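Please look over the structure shown below before reading the notes that accompany it.

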Amino acid sequence: MKGTLAQLRSYERSVQLLMVNQFTINLGFYMLMPYLAAHLSGTLGLAGWLVGLVLGIRNFSQQGMFLVGGTLADRLGYKPLIVAGCVLRTVGFATLGLVDSLAALLAASAATGLAGALFNPAVRAYLAADAGERRVEAFALFNVFYQAGILLGPLVGMVLTGVDFRITCLVSAGIFALLSVVQIRALPTRGAQDREEPAEQGRESVLAQWRGILANRPFLLFSGAMIGSYVLTFQVYLSLPLEVRRLGGDGEFGTAAVAVLFAVSGLSTILGQTRVTAWCKARYEPGQSLTRGLAVMGLAFVPLLAATAVPVPESGVGLWLLAAVPPTLAALLLAVGTMIAYPFEMDTIVRLAGDRLVATHYGLYNTICGIGITLGNLLTGAALDAAREAGMPALPWISLCALGGACAAALYGLHRTGRLATPAPQPAAV
C-alpha cells in the first residue's frame with residue numbers, strides 16, 4: 001500500500017484526483033447496484049420482467065450513449081462532462097431510493113446509466129492527457145483504485161442495506177454529490193483543445209468526426225479483437241458463480257464461495273497490478289503484452305475444464321473443494337490476464353486515435369465492447385443450458401478457452417502486421 005501511495009504522489013494533482021475520484025465512483029455505485037434487484041422485487045414487489053426492464057434500461061442508456069458522451073467531452077472539455085455525470089448520478093441514485101412508481105424508477109435508472117456514459121470516456125481521456133509518457137503506469141494505478149472501489153462498495157452496501165435500502169441510496173447519492181463539489185472546486189479544466197490538435201477539428205461536424213473514426217481500420221480491428229477480453233472477465237459475474245452454486249448449492253457454502261471469487265479477483269489486482277505492469281513493460285512490446293494477457297484469460301478456464309473429468313462426490317469436503325477451487329483459480333487467472341492487458345489496452349486506444357478525439361474513441365470502444373458483452377453473455381448462457389441438457393459439462397469451458405485463444409491470435413496478428421503501432425497523423429476531415 002505504501003508503494004501505491006508513493007506512486008500516486010509522483011503524479012500531478014489532476015491525476016491524483018482522477019484516481020481517487022474513480023475509487024469513489026465505484027464505491028458509490030457498487031454499494032447500491034448489487035442490492036437494487038432485491039429491493040425492486042422484494043420491497044416494491046415488482047414482477048421479474050419489470051426488474052429486468054429497470055436494470056436493462058440502465059445498461060442500455062450507458063452503453064448506447066458512450067459515443068455521445070465521448071464526443072461531448074472532446075467538444076466541451078473533460079471536466080464539464082465528469083461533473084455532469086456525477087451530478088446526474090446523484091439525482092438518479094437519490095430517486096431510486098425515494099420513489100416507487102415504475103415511470104420514476106425507469107427515469108432514475110436511465111439517468112444513472114447516462115451518467116456513466118458522460119464521465120467514463122472523459123475520465124480516461126483526461127488521465128491519458130495528463131499522464132503523458134507515463135500513460136501505461138497511470139492506467140495500471142487507475143485499475144488498482146478502480147478495483148478497490150468494486151471490492152469495498154458491496155461490503156459497505158451490505159451494512160447499509162441491512163438497515164434500509166433507502167439509506168444505501170441516499171448515502172450513495174451523497175457520495176456523488178460530494179464528489180461533484182470536489183471536482184468543481186479542485187479538478188483543473190482540461191479538454192481536447194489542450195492537446196494541440198488541428199484547429200480544423202473544432203469546425204468539423206460530429207458526423208464528419210464519427211466517419212473519420214469509423215474509417216480508422218486498425219482501431220476497429222483492435223476493438224473487435226478486445227471484445228473477447230470483456231466477455232471472459234465478465235464470467236466472474238456469470239458462469240463462475242453459477243458453477244459454484246451448481247455444485248455447492250445455494251446455502252451458506254455457496255454464498256461464501258462466490259464471495260471468495262470476488263475477493264480473489266479484486267485483492268489480486270490491488271496487490272499485483274503495478275508490479276505486473278512494470279514487469280511486462282520491461283520485457284514486452286504493448287502488442288505482446290496484450291496477446292499474453294488474452295492468452296492467460298483463455299487459459300483461466302482450463303481448471304474448470306479439467307474438473308469436468310473428475311467424478312462429482314455426493315457430499316463432504318471433496319464436493320466443496322470441487323465446487324470452490326476450480327472457479328477460484330479461474331477468477332485468479334482472469335485477474336492476472338486483465339492485469340497484463342488492461343494498461344496497454346488503454347494506452348493502445350490513445351495511440352490508435354493518433355492522440356486526437358481521444359474521448360470519442362474511448363466512447364466508441366466502450367460501446368463496441370458493451371454490445372459484445374451482451375451478445376457474449378447470451379451465447380455463454382446458451383452454452384451453459386446446452387451443456388446441462390446434453391450432459392456435457394465441458395462445453396462452456398471449451399468455448400471460453402477457444403474464445404480467449406482466438407482473440408489472442410487476432411491481437412498477435414495485429415501486432416505482427418504493425419496495426420497496433422502509432423498511426424501517422426491524419427488530416428482533419430472537411
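The report below takes up one helix, then a surface patch and two residues with their accessibility.

This is a predicted model, in which local features need pLDDT of at least 70 and side-chain atom pairs count only at pLDDT 80 or more, while totals for chains, interfaces and linings use all residues. Residues are numbered from 1 along each chain as its sequence is written, and side-chain values use heavy atoms, with hydrogens and water left out.

Helix 10 (helices being DSSP runs of H or I, at least four residues, numbered from the N terminus) covers residues 217-233. Its 17 residues reach 25 Å from first to last C-alpha, close to the 24 Å expected at 1.5 Å a residue, where the expected span is 1.5 Å times one less than the number of residues. A kink of about 25° is centred on Ala225, the bend being the angle between axes fitted to the seven residues ending there and the seven starting there. Ala225 is also among the buried residues of helix 10, which include Phe219, Phe222 and Met226; the cover over these buried residues includes helix 9, helix 13, helix 15, helix 16 and helix 17.

Helix 15 also holds Leu329, which joins Val317, Trp320, Leu321, Val325 and Leu332 in a nonpolar surface patch of about 540 Å². The table sets out the accessibility of two residues, classed as buried under 20% relative accessible area, exposed over 50% and partly exposed in between (1.4 Å probe, protein chains only).

| Residue | Relative accessibility | Class |
|---|---|---|
| Leu329 | 41% | partly exposed |
| Val159 | 59% | exposed |

Val159 lies in helix 7, residues 135-163, and is separated from Ala295 by 136 residues in sequence and by 38 Å in space, C-alpha to C-alpha.

Conventions
Helices (H or I, at least four residues) and strands (E, at least two) are DSSP runs, numbered from the N terminus. Contact means heavy atoms within 4.5 Å. Patches are made of residues with over 30% relative accessible area and no salt bridge: like charges are joined within 9 Å, nonpolar side chains (Val, Leu, Ile, Met, Phe, Trp, Tyr) within 5 Å. Accessible areas come from the Shrake-Rupley method with a 1.4 Å probe; for residues, only the protein chains shown count as cover. A salt bridge is a side-chain nitrogen of Lys or Arg within 4 Å of a carboxyl oxygen of Asp or Glu.
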